[in-house]
Amino acid sequence: MSDSESLVSCGEHGERNACFVCCHLKEGEALGFNLGYDPEAPDELYPAAWCDACEVLLEQEGEWTDRAQTEADIQLVCSACYELIRARNWRQDDEVLVELISSSFAYLQAQQERFMADYCIGSHERWDWDQNSGTLLFSNAGLPVVECHVDFVGSFSSRSDSWRWAWANDSFVEPIKARSREVRALGEELGLLSLACAQWPGDPVDGWEMTAVMARQLNAIGAYRVPSEAGFLYMTVRDARWVRPTE
Ligand SMILES: [Zn+2]
Ligand SMILES: [Zn+2]
């Protein structure tokens, strides 16, 4: 989300980010939800969107001609309304998502048991993460004991009760969030809203579900969640090692 994004005052949701959808999406349901990312802002939270009929017309016209624009009659809505409109119109095979999440949970659970046991993860005094080095460090009595290389998955915010993928979070450096883009690509391929869209209403359990999906996708050896300012930050673990004291 860039600072230049403008706000809109919604009668229902108050002051929110301004978003744009075609007039059909605003009123309809199950019309399909086509994302029109601005090439200048490929990670924006709420790209302009239009229905399948508008997409067909746009393809015929080749660009946003007067005819395509008139037909789409793009409307300004707030980001909360956008999320509702998106959920109502997005079409996907829910079975695919359910199967993906359950097999991913099975994968992560097995990995996690081993990770926790091998590195005594539950018994260290403190943890510190550093996004620049991409590490999660566990320590006891001020001395590092286990060092992990991690990839950020995303975060749950209790302020907005929403999930946001790491790739859409401006406060993370690219290397630590780059691999979350692999899940985004998978979501685009499978047409799954929760994997393909930057931010959506969710809870901490959704966070674990998305973390499991990413863990399996990346063959992670485990996952970890740390409290953040208002919510939780989720990460998958690439590798881990005991830090031997230097003689
Ligand atoms: Zn439309
Ligand atoms: Zn609204």
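Into which domains is the chain divided? In this predicted model, the division gives domain 1, which you can select as residues 7-89, and domain 2, which you can select as residues 94-242. With both coloured, you are looking at two bodies whose C-alpha centres lie 30 Å apart, and where they meet, four residues of domain 1 are in contact with seven residues of domain 2. On the side of domain 1 that touches domain 2, one residue is nonpolar, none is polar and three are charged.

Next, select helix 5, residues 94-118, together with helix 9, residues 204-218, which pack with their axes 8 Å apart and at an angle of about 75°. Angles of 65 to 115 degrees count as roughly perpendicular, and helix 5 and helix 9 are therefore described in that way. To see the contact itself, show Leu100, Ile101, Ser104, Phe105, Tyr107, Leu108 and Gln111 on helix 5, and then Glu209, Ala212, Val213, Ala215 and Arg216 on helix 9. Sorted by class, this contact between the two helices has eight nonpolar, two polar and two charged residues.

Now turn to the strands, beginning with strand 11, residues 222-228, which pairs with strand 12 in the antiparallel sense over seven bridges. A hairpin of two residues leads from strand 11 to strand 12, and along this pair you can find tyrosine 224 standing opposite methionine 235 of strand 12.

Finally, keep strand 12, residues 231-242, in view and add strand 8, residues 143-157, since these two strands run antiparallel and are joined by 11 bridges. Here glutamate 147 has arginine 241 of strand 12 as its bridge partner.

Definitions and conventions:
Residues numbered from 1 in each chain as written. Chains lettered and ligands numbered in written order. Predicted model: local features only at pLDDT ≥ 70, side-chain atom pairs only at ≥ 80, totals over all residues. Axes fitted to C-alpha atoms, helices over the stretch in contact; angles between N-to-C directions. Helix = DSSP H or I, 4+ residues; strand = E, 2+ residues; numbered from the N terminus. Parallel < 35°, antiparallel > 145°, perpendicular 65-115°, else oblique. Contact = placed C-beta atoms within 7 Å. Nonpolar A, V, L, I, M, F, W, Y, C, P; charged D, E, K, R; others polar. Domains from an automatic or database assignment. Pairing = 2+ DSSP bridges.
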